[in-house]
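Trainee: Before we begin, could you take me through the enclosed spaces and the domain contact of this model?
Mentor: Gladly; put your questions in turn, and I will try to end each reply on what you asked for.

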Amino acid sequence: MSIENLARTNVRELTPYQSARRLGGSGDVWLNANEYPIAPAFQLTAQTFNRYPECQPAQVIERYAAYAGVKKEQVLVSRGADEGIELLIRTFCQPSKDAMLFCPPTYGMYAVSAETCGVERRMVAAKQDWQLDLPAIADNLDNVKLVYVCNPNNPTGNLIDPDDLRRLLEMTKGKAIVAVDEAYIEFCPQASLAGWLSDYPHLACLRTLSKAFALAGLRCGFVLGNETLIALLLKVIAPYPLPTPVADIATQALSSEGIVLMRQQVSEIATHRRWLQQALQNCAGVEQVFTSDSNYLLVRFTAARQVFNHLSAQGIIVRNQHQQPGLSGCLRITIGTRDECQRLVDALTTANETCQERM
Ligand SMILES: *Cc1c(COP(=O)(O)O)cnc(C)c1O
C-alpha cells in the first residue's frame, strides 16, 4: 500500500508549477524567469537571530506604503507575491464550493494554487488582443469569489484596458475580490490600480521585489488592499512569514537610495528591451514581436521548438509558451544585459544559417 494513496485527491492529481528553476537546463545566459540580470549588493545588518521576527516588520510596511502611495494599514508583506496569491485563495474561496476565475494565457500560479487548495478554477480565455472578455466573465461569475487579472500580463506583456478593469470592478462589487497582479508594475507605474483602493473595497494589488527590484532570491512580496481585506489575510498568514534577513534586506531595498537604484534598473532594462525588439523584428524566422510594458518580450517564431533547442545548445535559456492557449510558436524572452541581448540575436542569426543549410 503506497502512501501516495494517503494524499488528498486534488494533490495526487496536481500538476506542480513548472518554475524556470525546476525546468533547469544548463546555460550561462538565463532569460527564462524574468529576473534582473545582475545581483544587487546588499549587506546583512540584522544580528538578532535568536529572536522570532515580527510578523509584519514595521519598517518594511512603512517604507512600502510610502513607496506605493497607500496607508500602512493597506499593506501586507508576504513570502513573495506567490504567497499572496495563495493567501487570497485560502481566505476567500471555500474548497469544493467556491470558484476562482482567471483569463488565460496568463501566469501559471493562479491555477496551481487553486488546485492545491481544492478550489474550482474557472477559465475565461482572453480575447484575441489579450484584453478581458467582459461579457464572458459576467456569464461565468456564479460562485466566483476571486478574480485574478495580471497587469501587465505575463507572458504576453500587454496592459489591460483601465476602462475594462473599472467595468470588472463594478461587475464584481459585493460578490468577488478582484486581485490585480502588478508584479511588473515598476516598468509601467502609471498603470497601477493602487490609487483605486479608496473606491473599491474588493480590490487587491499584488506586488513583489522579485522583478524590477532585482531581488527574486529574497522572496518578498506585498498585497495592497483596504484595511478589512488586509485584516482577513492576516488571520490566515503564517505567524512568522518573513525571516529576519529578508526584512533586513527589504528595508534597505525600499530606502530612498534603494528606490532610485530600482528606477535606474527599470530604465536600463527598458532601453535594452527597445533595442532587442528592433533587432528581433529584423531576424529571419521571427513572425511577430509583441509590444511589452515589462522586462520580457513574447516572440512568435516560425519554428519555435528548433529555435528553443538551438538557443539551449548555445547556453541561452528562454521560456517556452507554446502550451498556453493562443501562444503556439511563442517563446518568452527576459531582457538581460546588453551583452546577453546581443548573444541572443547572434545565436538567432546562426540558427537561421543552420536552418538554411539544411534546406
Ligand atoms: C514573478 C511573478 C510573480 C511571483 O513573484 P514572487 O514575488 O517572486 O513570488 C507573481 N506574479 C507574476 C505575474 C509574476 O510574473
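## Cavities and domain contact

Trainee: How do the residues of the lining of the second largest cavity divide by class?
Mentor: In this predicted model, the second largest cavity has a volume of about 40 Å³ and is lined by Phe42, Phe213, Ala253, Gly258, Leu261, Met262 and Gln265. Glycine is counted as polar here, and the lining of this cavity accordingly divides into five nonpolar, two polar and no charged residues.

Trainee: Which element gives the largest share of the lining of the second largest cavity?
Mentor: The lining includes Gly258, Leu261, Met262 and Gln265. The largest share, four residues, comes from helix α10 (residues 256-281).

Trainee: Which strand gives the largest share of the lining of the largest cavity?
Mentor: The largest cavity has a volume of about 90 Å³, and its lining has ten nonpolar, two polar and no charged residues. Among the lining residues are Tyr148, Val149 and Cys150. The largest share, three residues, comes from strand β5 (residues 144-150).

Trainee: How many salt bridges does the rule find across the interface of domain 1 and domain 2?
Mentor: The chain is divided into domain 1 (3-36 + 258-351) and domain 2 (58-255), and their contact takes 31 residues from domain 1 and 34 residues from domain 2. The area buried between the two domains is about 2600 Å², of which carbon and sulfur atoms give 62%. For salt bridges across this interface, counted with a nitrogen-to-oxygen cut-off of 4 Å, the number found is zero.

Key: Residues are numbered from 1 along each chain as its sequence is written. This is a predicted model: local features need pLDDT of at least 70, side-chain atom pairs count only at pLDDT 80 or more; totals for chains, interfaces and linings use all residues. Side-chain values use heavy atoms; hydrogens and water are left out. On a 1 Å grid over the protein atoms alone, a cavity is a set of points where a 1.4 Å probe fits but cannot get out, and a pocket is an open set with protein on both sides within 12 Å along at least five of seven lines; lining residues have an atom within 4 Å of a point. Grid points are joined across faces, edges and corners, and a volume is the space filled by probe spheres set on the points. Helices (H or I, at least four residues) and strands (E, at least two) are DSSP runs, numbered from the N terminus. Domain bounds come from an automatic or database domain assignment. Contact means heavy atoms within 4.5 Å. Buried area is the accessible area (1.4 Å probe) that two parts lose on being put together, summed over both. A salt bridge is a side-chain nitrogen of Lys or Arg within 4 Å of a carboxyl oxygen of Asp or Glu.
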